[in-house]
Every structure is written in C-alpha cells, then in structure tokens.
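Here is a short tour of one protein chain, written for someone new to reading structures. Have a look at the picture, then read on.

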Amino acid sequence: NDNHNNNISERSENEQVDRLRRSNQNISLRAKLMSWESIIRQGEQNYKVDHNIVHFNKNLIENEEKFDNLDNNNNNILQLNSKNESETYLSDNNNTDKISNINNSNNNDNNN
C-alpha cells in the first residue's frame with residue numbers, strides 16, 4: 001500500500017516537474033517571440049525612415065532641378081532683355097540718323 005502511495009506521489013511530482021519544465025519552455029519561447037517581434041517592429045520603423053529619406057532626397061533633387069530651370073529661364077530673360085536693349089539702341093540710333101538725314105535734306109532743299 002505504501003509502495004502504491006509512493007508511486008502515485010512520485011508520479012505526481014514527475015508530472016509537476018514536467019508541467020514546470022513546459023511552462024518554463026513556454027515562457028522562454030514567448031520571450032524569444034517578443035524579442036523577434038520587437039526586432040521586426042524596429043526593422044519596419046527603419047524601413048519607414050529609409051523610405052521617407054529616399055522621398056525627401058527625391059524631392060530635394062526635383063526642387064534643385066526646378067531651381068536650375070528657373071535659373072536658366074532667368075538667364076534667358078536677361079539675355080533677351082539685353083538683346084532687346086541693344087536692338088532698341090541700334091534702332092534709336094538708326095532713327096536718329098534717318099531724322100538727321102531728313103533734316104539735312106530738308107535744309108539742303110531749303111537752301112536751294
């Protein structure tokens with residue numbers, strides 16, 4: 001009878017030990033899982049940050065290209081302005097010459 005009781009108590013101790021072992025394994029697996037999840041979350045954050053940096057850089061490059069275009073446009077406008085000014089100056093001089101020629105011819109006509 002005692003032997004039988006001993007067997008039962010030994011078996012229940014073994015079951016308790018097994019239960020504890022399984023529980024510890026579960027805890028350790030859960031901890032590993034949580035650390036993997038946190039690593040994955042960190043990776044996702046890093047990916048988002050990288051993604052944002054890529055977009056930011058792309059926008060910067062596009063803005064620089066726009067500024068370059070604006071600079072080119074400004075230079076073109078400046079060149080056109082100076083061309084117009086010089087043409088206007090030439091045509092003004094030309095007109096002045098014509099007027100003075102007309103005046104001279106008028107004077108000549110008057111003199112004759």
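A residue is called buried when its relative accessible area is under 20%, exposed when it is over 50%, and partly exposed in between, using a 1.4 Å probe and protein chains only. What you see is a predicted model, where local features need pLDDT of at least 70, side-chain atom pairs count only at pLDDT 80 or more, and totals for chains, interfaces and linings use all residues. Residues are numbered from 1 along each chain as its sequence is written, and side-chain values use heavy atoms, with hydrogens and water left out.

Let's start with the overall look. The protein chain has one helix and zero strands (DSSP runs, with at least four residues of H or I for a helix and at least two of E for a strand, numbered from the N terminus). Its radius of gyration is 48 Å, well over the 13 Å that the globule rule gives for 112 residues, so the chain is more spread out than a compact globule. That radius is taken over C-alpha atoms, and the rule is 2.2 Å times the number of residues to the power 0.38. Along its principal axes, the C-alpha trace spans about 165 × 10 × 5 Å. As for burial, 0% of the 112 residues count as buried.

You can also follow the stretch between two residues: Gln42 and Ser91 sit 49 residues apart in sequence and 72 Å apart in space, C-alpha to C-alpha.

Now for the charges. Side chains of opposite charge can pair when their charged atoms come close. How many salt bridges does a search of the whole structure find? It finds one, counting a side-chain nitrogen of Lys or Arg within 4 Å of a carboxyl oxygen of Asp or Glu. The partners are Asp18 and Arg21, at 3.1 Å from N to O. Both lie in helix H1, three residues apart, or about one turn of the helix.

Here is how open three of the residues are:

| Residue | Relative accessible area | Class |
|---|---|---|
| Asp18 | 35% | partly exposed |
| Arg21 | 48% | partly exposed |
| Gln42 | 46% | partly exposed |

Gln42 is also in helix H1, and so is Glu64, in that helix of residues 2-111.
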